[in-house]
Number of protein chains: 2
Amino acid sequence: MATLSEVARLAGVTTATVSNVLRNTQKVKPATVQKVQEAIAATGYRPNLMARALAEGKSSMVALVLPDINNPFYPEFVRVAERVARHRNYFLMVCNTDERPDIGRAYLHQIAGTLADGVLVLHTGISADDINELKTRRSPIVLASEEKVDLGDNIPHVVVNFHRAGEIAGQHLLALGHTRIGAIVGCGLEGMQVGRLDGFRSALEVGGVALPDAVIRNVSDTVAGGHDAAVSLLEQHPDITAIFCTNDLMAYGASQALADQGIRIPQDISLIGVTDIQMARDMRPALTTVALGIEQVATLSINLLLDLIENPAHQPTIVRVPDPVLVVRSSTGPVRSI
Amino acid sequence: MATLSEVARLAGVTTATVSNVLRNTQKVKPATVQKVQEAIAATGYRPNLMARALAEGKSSMVALVLPDINNPFYPEFVRVAERVARHRNYFLMVCNTDERPDIGRAYLHQIAGTLADGVLVLHTGISADDINELKTRRSPIVLASEEKVDLGDNIPHVVVNFHRAGEIAGQHLLALGHTRIGAIVGCGLEGMQVGRLDGFRSALEVGGVALPDAVIRNVSDTVAGGHDAAVSLLEQHPDITAIFCTNDLMAYGASQALADQGIRIPQDISLIGVTDIQMARDMRPALTTVALGIEQVATLSINLLLDLIENPAHQPTIVRVPDPVLVVRSSTGPVRSI
DNA sequence: CTGAAAGCGCTAACAA
DNA sequence: TTGTTAGCGCTTTCAG
């Protein structure tokens, strides 16, 4: 790999000049620019980004730490985050923690402030303590779509109104006449998706419908989790006419369980999820869900992070995503007659 | 962020000594180690990985360039690649090109040899010319699971026997008595998945079954692509009893199309895919497919890359993945009687 | 066992 | 407009 000084030597100038043409500060005479560019072409020179980062005190790289790249929510998030970052001239480094908080911690400690100018943390079970400890470094850290907002005002984060999402789901089922309803709640690294459940329950209560603990299943946030929960629910409560899942992935699993037992969706049982991942559109019947607006969340999160990097005094440091919206597809319908 | 010299000052030693205890060359007196470690703890020091990389001439970071993080194959690949890399003390930087070769090129040019010690390229439509141009840098580049192996021996790559995968699928359908078969072929960035189709066709030919062009659909490698292709196939060839898809994602789409039309799988039509992504297990009916062994491919690929980084003379430079294997699930069955 | 000093490749004042 | 000169934070001989 050719270096700056080789290029400089070949062009008969100094490294400073080459550096200047490289990032075209308009301070170089056209003729010299010409010479330098020829030398660059001739040597096949590429800047060493590490050296540049060290000199500039800025790597133009941000890290995205997430728990499980196989959960389709994250790839969808990554895709937009990467695009936004690229447009703002940052590299995005995706770090998968395999659901292990210790790996998340390790990434954070190693990367924040050294490899990356900032890091965006998604539901990785990293404690607020860890985050606070790291705040001493100047590298901004932002958490996205936290369920629990006990982070305080001093940690930048993006908040999604999960409670409202649950509420919307509840209102939809209520409007369709359902009264015997089950709920499948995911347990991610951040703990139960309790905000969504609370919202759901409160909506039902307004309609005079109860949601006893017996019809709630807490399971892992996966297809298999949703499947098993649905099986258990059906076994113990064959009379339910609708199931609320705190996310789409589990709803997909639940739909498999229903299909396996010959139960029709939505004629026999209605199914509603939260998030609106691509899969919700692709599955059959297509899933009615409460869209969290992945694109929005990702965009707001990464932009907040980059804003904070470029201007540490940036305000606000806590941003709210617009409320979720109901997307009606084919998995919900009027309560069955019997 | 504290630096080495601050730690050194606090411990009353020089940076060289701190550096030595940091990576425990056994050359430091226990008492000094003690002092230094206290200073490290007191300052909350973390090494600046950029500076280290510059000094060592090695970043311990590898990049994984892939076309579409939303295609579930890639997250599955990423997960194991990341794990292997981590165990070998490398960071994995995932670069999504959004299916745009120019972005892939840009990543390659910017990252290879500067930010990353090596890069693993997956089906991103980057030309062999580009790769060759980059070979001048010392940074190893390995391509994984190339369909076309016209890369020559001088570019390290991992090759999957796609032809065999197609053959296995063909033999399976043949054994079930199918003779009127359609095929859905994906067109990724690397061009049509023609190896798989060739293998499939040649297996059928051995069994005396033809696969005319009329029953082949070339579509994009997505759920929607598979769906549309299946619709078109059914419309023009209602007599077919089996469909071969060159990958699982399209098979999933095809299954939706069949479900939409009330066609039962496998009673009316058998469906077989290639790859064995998680979705193949999750969908209903579960998909019969030819498993490429994602875990194996990923492991071999990343290990080859790291081997090459650590020892540029490493041999072999081209590694073959063990042959694919048939995984029979519920989407294939005997040909229907009529 | 520890320190002094050079240098990785680049940027950024400041001079010339 | 260009060159000189310091670093950025770390590793790594080579002396002491």
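In this predicted model, a base nitrogen of DNA strand C lies 3.3 Å from a polar backbone atom of A:Ala51. That contact is one detail of a surface of 24 residues around DNA strand C, while DNA strand D has 25 residues around it. The two protein chains also meet each other, and chain A and chain B bury about 4,400 Å² between them. The points below take up the two DNA strands, then the contact between the chains, then the aromatic pairs, and finally two residues of chain B.

**Around DNA strand C**

- Among the 24 residues around DNA strand C, those that come nearest are A:Leu4, A:Ser19, A:Tyr45 and A:Arg52 from chain A, together with B:Thr32 from chain B.
- Of the atoms of DNA strand C that come within 4 Å of the protein, 78% belong to sugar and phosphate.
- Chain B also reaches this strand through its backbone: a polar backbone atom of B:Lys29 is 2.9 Å from a phosphate oxygen of DNA strand C, and a polar backbone atom of B:Ala55 is 3.3 Å from a base oxygen of the strand.
- The elements that supply two or more residues to the surface near DNA strand C are α2 (15-22) and α4 (49-56) of chain A, along with α2 (15-22) and α4 (49-56) of chain B.
- With four residues, α4(A) gives the most to the surface near DNA strand C.
- When the residues of the surface near DNA strand C are sorted by class, 11 are nonpolar, seven are polar and six are charged.

**Around DNA strand D**

- Of the 25 residues around DNA strand D, the ones that come nearest are A:Thr32 from chain A and B:Leu4, B:Ser19, B:Tyr45 and B:Arg52 from chain B.
- Sugar and phosphate make up 75% of the atoms of DNA strand D that come within 4 Å of the protein.
- In chain A, a polar side-chain atom of A:Thr17 lies 3.0 Å from a phosphate oxygen of DNA strand D, and a polar backbone atom of A:Lys29 lies 2.9 Å from a phosphate oxygen of this strand.
- In chain B, a polar backbone atom of B:Asn48 is 3.1 Å from a phosphate oxygen of DNA strand D.
- The elements giving two or more residues to the surface near DNA strand D are α2 and α4 of chain A and α2 and α4 of chain B, and α4(B) gives the most, with four residues.
- The surface near DNA strand D consists of 11 nonpolar, eight polar and six charged residues.

**Where the two chains meet**

- The contact between the chains draws 44 residues from chain A and 44 residues from chain B.
- Of the area of about 4,400 Å² that chain A and chain B bury between them, 60% is on carbon and sulfur atoms.
- A:Met50, A:Phe91 and A:Arg284 supply 15% of the area that chain A buries against chain B, which is more than any other three residues supply.

**Aromatic pairs**

- Over all chains, the count comes to eight aromatic pairs.
- One of them is formed by A:Phe200 and A:Phe244, which are stacked, with 4.0 Å from centre to centre and 10° between the planes.
- A:Phe200 lies in helix α9 (residues 194-206) of chain A and A:Phe244 in strand β9 (residues 242-245) of chain A, so this pair ties together parts that are 44 residues apart in sequence.
- Both A:Phe200 and A:Phe244 are buried.
- In chain B, the ring centres of B:Phe200 and B:Phe244 are 4.0 Å apart and their planes are at 10°, so this pair is stacked.
- Because B:Phe200 lies in helix α9 (residues 194-206) of chain B and B:Phe244 in strand β9 (residues 242-245) of chain B, the pair ties together parts that are 44 residues apart in sequence.
- B:Phe200 has a relative accessibility of 0% and therefore counts as buried, and B:Phe244 is buried with a relative accessible area of 0%.
- A:Phe73, A:Tyr74 and A:Phe77 form one aromatic cluster.

**Two residues of chain B**

- B:Val194 lies in helix α9 of chain B, and its relative accessibility is 34%, so B:Val194 counts as partly exposed.
- The C-alpha atoms of B:Val194 and B:Gly166 are separated by 9.5 Å, although these residues are 28 residues apart along the chain.
- B:Asn247 is found in the loop between β9 and α11 (248-260) of chain B, and B:Asn247 is buried, with a relative accessible area of 7%.
- Leaving aside residues up to four places away in sequence, B:Asn247 touches B:Gln193, B:Arg196, B:Asp221, B:Val274 and B:Thr275.

How values were computed:
Residues numbered from 1 in each chain as written. Chains lettered and ligands numbered in written order. Predicted model: local features only at pLDDT ≥ 70, side-chain atom pairs only at ≥ 80, totals over all residues. Heavy atoms only, no water. Phe/Tyr/Trp six-rings, centres within 6.5 Å; stacked < 30°, edge-to-face > 60°. Buried < 20%, exposed > 50% of the residue type's maximum accessible area, 1.4 Å probe, protein only. Near = heavy atom within 4 Å. Polar contact = N/O pair within 3.5 Å; in protein donor to acceptor, adjacent residues only side chain to side chain. Nonpolar A, V, L, I, M, F, W, Y, C, P; charged D, E, K, R; others polar. Contact = heavy atoms within 4.5 Å. Buried area = accessible area lost by both parts, 1.4 Å probe.
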